[in-house]
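Me: I would like a close look at the empty spaces in this protein and at what lines them. Please keep the answer plain and connected.

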Amino acid sequence: MTTPTPAPGSVALITGGTGGFGRALAMKLRALDVTVVLADLDSERNRQVAADLGCPFVVLDVTDRSANEAVVAQVEAEHGRLDAVFLNAGIAGFDSEDLFDLENFLRVVDVDLFGVVYGAAAALPALKRSGGGAIVVTASLAGLAPMATDPGYSVAKGGAVAFVRSMAPRLTAENITITAICPGFADTAIIDPIREEFEKAGFPVLTADEVADAMAAAWVSGEPGAAYIVQPGIGAVPYTFKGVPSAKTEAGETAVVPEALRPPSMR
Ligand SMILES: NC(=O)c1ccc[n+]([C@@H]2O[C@H](COP(=O)([O-])OP(=O)(O)OC[C@H]3O[C@@H](n4cnc5c(N)ncnc54)[C@H](O)[C@@H]3O)[C@@H](O)[C@H]2O)c1
């Protein structure tokens, strides 16, 4: 991915915008003359973070479907357009017990997966009205490799990656790219409960800035449907999906998926 150069006057929305990645990304985009709207849960702290960054703040709980629509409508009404949406809000579950905690699981999936789906659905009409744009989803390495201590997180992030990959072909036809960013552990508040473990083990964690670089680059030069791994010492690299074996016909030839099951761009 190349250095981002969004068109001056572009408008971007970041959910979970006052958290670690959101702040780092907002600073980068502001420096490129992008109008950056930060959406996050309502708190004095979050409003102050946005004010300090010089960004408009909107209250959003991403699990509230209609609130996602209202936020997009507000951004369009106040800033005239929407060019990029960073669906970045997220929480971790970190099961502390050996037993499976169903409530924890559902809470994480609600925020980290359905928050992404509602956000994308709300943003699509506005991106189309802008003539196209980008949706960048903050997934996680946990969506590509199982996270045994947090199954809800793995399911949500794996679902987010599957959502990105399955939506990409139809959105490409609308000039909208959708990509996933899959960082390893990074130095933000979300790892506070386990931060000590990394320090004790001398395990390298990413800076928020490294992840924000990948998010910004995905907006401008992300490949539709790609999942970019971000790891310390590696940078951002697209994950290579291995694919699945194709069905064989009776004659032993590779079966072709029926046209009706392929999006128009793949017929
Ligand atoms: N830091 C890491 O190690 C790491 C690694 C991989 C992926 N991620 C993902 O990156 C994203 C950003 O996390 P971060 O590392 O900046 O952590 P963070 O805790 O600093 O930021 C998360 C933000 O999401 C917001 N949020 C939580 N629930 C919300 C809801 N229901 N509605 C709206 N906003 C909500 C929080 O208020 C916070 O501002 C998350 O999706 C996280 O899962 C983080």
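Which helices each supply at least two residues of the lining of the second largest cavity?

Reply: The model is a predicted one. The helices you ask about are H4 (102–129) and H5, each of which supplies at least two residues of the lining of the second largest cavity. Of the two, H4 is the main source, since it gives the most to that lining, with 3 residues. The full list of lining residues is Gly 93, Asp 95, Phe 100, Asn 104, Phe 105, Val 108, Asp 150, Pro 151 and Gly 152. Sorted by class, these are 4 nonpolar, 3 polar and 2 charged residues. Asp 95 and Asp 150 are the charged ones, because Asp counts as charged. The volume of this second largest cavity is about 30 Å³.

The other cavity can be described in the same way. The count comes to 2 cavities of 30 Å³ or more, and the largest has a volume of about 40 Å³. Around the largest cavity stand Leu 13, Thr 15, Leu 60, Asn 68, Val 71, Val 72, Val 85, Leu 87 and Gly 119. Three elements each bring at least two residues to this lining: strand E1 (11–15), helix H3 (65–79) and strand E4 (84–87). H3 contributes the most, with 3 residues. By class, the lining of the largest cavity has 6 nonpolar and 3 polar residues, and no charged ones. The lining of the second largest cavity, by contrast, includes 2 charged residues.

Next comes the largest pocket. A pocket is an open set of points, whereas a cavity is one from which the probe cannot get out. The largest pocket has a volume of about 970 Å³. Its lining is made of 42 residues, and those nearest the centre of the pocket are Gly 90, Ile 91, Tyr 153, Thr 188 and Ile 190. H5, which you have met at the second largest cavity, returns here: H1, strand E2 (35–40), helix H2 (44–53) and H5 each supply at least two residues of the pocket lining. H1 gives the most, with 4 residues. By class, the lining of the largest pocket divides into 24 nonpolar, 13 polar and 5 charged residues.

This pocket is the space taken by the ligand. There are 28 residues around the ligand, and Gly 20, Asp 40, Tyr 153, Ala 186 and Thr 188 come nearest. Tyr 153 and Thr 188 are also among the residues nearest the centre of the pocket. Helix H1 (20–31) and helix H5 (151–172) each supply at least two residues of the shell around the ligand. That shell has 15 nonpolar, 10 polar and 3 charged residues.

Some polar contacts can be named one by one. A polar side-chain atom of Thr 188 lies 2.6 Å from an oxygen atom of the ligand. At Asp 61, an N or O atom of the side chain is 3.0 Å from a nitrogen atom of the ligand. With Gly 90 the backbone is involved: one of its polar backbone atoms is 3.5 Å from an oxygen atom of the ligand. As for cover, the ligand on its own has 830 Å² of accessible area, and the protein covers 91% of it.

Definitions and conventions:
Residues numbered from 1 in each chain as written. Predicted model: local features only at pLDDT ≥ 70, side-chain atom pairs only at ≥ 80, totals over all residues. Heavy atoms only, no water. Near = heavy atom within 4 Å. Polar contact = N/O pair within 3.5 Å; in protein donor to acceptor, adjacent residues only side chain to side chain. Areas by Shrake-Rupley, 256 points an atom, 1.4 Å probe, with all protein chains shown as cover. 1 Å grid on protein atoms, 1.4 Å probe; cavity = no way out; pocket = protein on both sides within 12 Å on 5 of 7 lines; lining within 4 Å. Sits in = over half its atoms within 2 Å of the grid points. Points joined across faces, edges and corners; volume = space filled by probe spheres on them.
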